[in-house]
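Here is a short report on one sheet, the helices against it and a serine in one of its strands. Keep the model open as you read.

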Amino acid sequence: MHAPYRRAVILRMSGDGDGTQFTLLGPGEELGSADLPAHYTYPEAYPDGLRRCWVRANMITSADGGATSGGKSGELGGDGDRALFAALRELADVIVVGATTARVENYSGVQLGAAARQARRHRGQSEVPPIAVLTRSGRLDHDAKLFDHSEVPPLILTSTRAAGDTRQRLGRVAEVIDASGADPDSVDPQAALAILSERGLLRVLAEGGPATLGLFSAHDLLDELCLTVAPTLVGGTASRIVTGPADVRSALQLRHALTDADGFLYLRYVRDGRGSAAAAG
């Protein structure tokens, strides 16, 4: 993988005299997969002294804005995206995903090697981060890989209405938790993060899907977005990486942009002023 160099180019817009500065990206310092975590940790991300959950989303999109190809986000990825996917998981305390994505992408527990486990222990983290599934209905297959291919029992964050039945069906293979707020039929994202925070799981990695990220965005809970842009057109009816009924406009700051020999772009955005606010609680 290559880290882009920066070269400033000044473009003067005709008529008004205002100057717009563009940055030309191109091949520069070479980075290997082992170098990726250093570009996604403090001071670049996950601020020191966190007192609340920091929600980092990791998503992939096609060049024309599609979140999936053939119904799955994994079909858009390449070797570089898979390396980044693994690196971000290594840094997280917990991976949050919606039930639909867990089913469609056939989620299993996180698999880490000896070096990654040792690095996590050195940082004071558990060896393997759990998967936390947001599901209003609790309808998950007892025989799914999520339950039988995992070292750590997943956390099932469900509604008050569904918690009892879900606990009865899945209580032996997962920890089922009531994460409703005022509405007993839904999962409240703020309640879900409060539950994770109480367990010391502050470095949250949200892997989608679009409706789950829409839920976090609508409640102003998304701190960071790691976005891979695949050099692919998908057309069709693929959804965007964030969906939902709320029209949300959140300003982002681009912190870095990486590229690789296959033409993928790896962009990292952070919400304005979020680092100091997260540390202050």
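## The sheet

An open sheet of mixed pairing is built from nine strands, in the order β7-β6-β5-β4-β8-β3-β9-β11-β10. The edges are β7 (175–178) and β10 (252–259); each has a single partner strand, so one side of each lacks a neighbour in the sheet. From one strand to the next, the twist averages 20°. Strands are DSSP runs of E, at least two residues, and helices are runs of H or I, at least four, numbered from the N terminus. Two strands pair if DSSP finds at least two bridges between them.

This is a predicted model: local features need pLDDT of at least 70, side-chain atom pairs need 80 or more, and totals for chains, interfaces and linings use all residues. Residues are numbered from 1 along each chain as its sequence is written, and side-chain values use heavy atoms, without hydrogens or water.

## Strand β3 and its partner

Strands β3 (residues 54–62) and β8 (residues 203–206) pair in the parallel sense over four bridges. Val-55 stands opposite Val-204 in β8.

## Ser-62

Ser-62 lies in strand β3. Ser-62 is buried (under 20% relative accessible area, 1.4 Å probe, protein chains only), at 2%.

Its side chain makes a polar contact of 2.5 Å with the side chain of Asp-64. Such a contact is a pair of N or O atoms within 3.5 Å, one able to donate a hydrogen and the other to accept it; residues adjacent in sequence count only if both atoms are side-chain atoms. A polar atom of the Ser-62 side chain also lies 2.8 Å from the backbone nitrogen of Gly-66.

Methods. Axes are lines fitted to C-alpha atoms, for helices over the stretch in contact, and angles run from 0 to 180 degrees between N-to-C directions. Buried means under 20% relative accessible area, exposed over 50%, partly exposed in between (1.4 Å probe, protein chains only).
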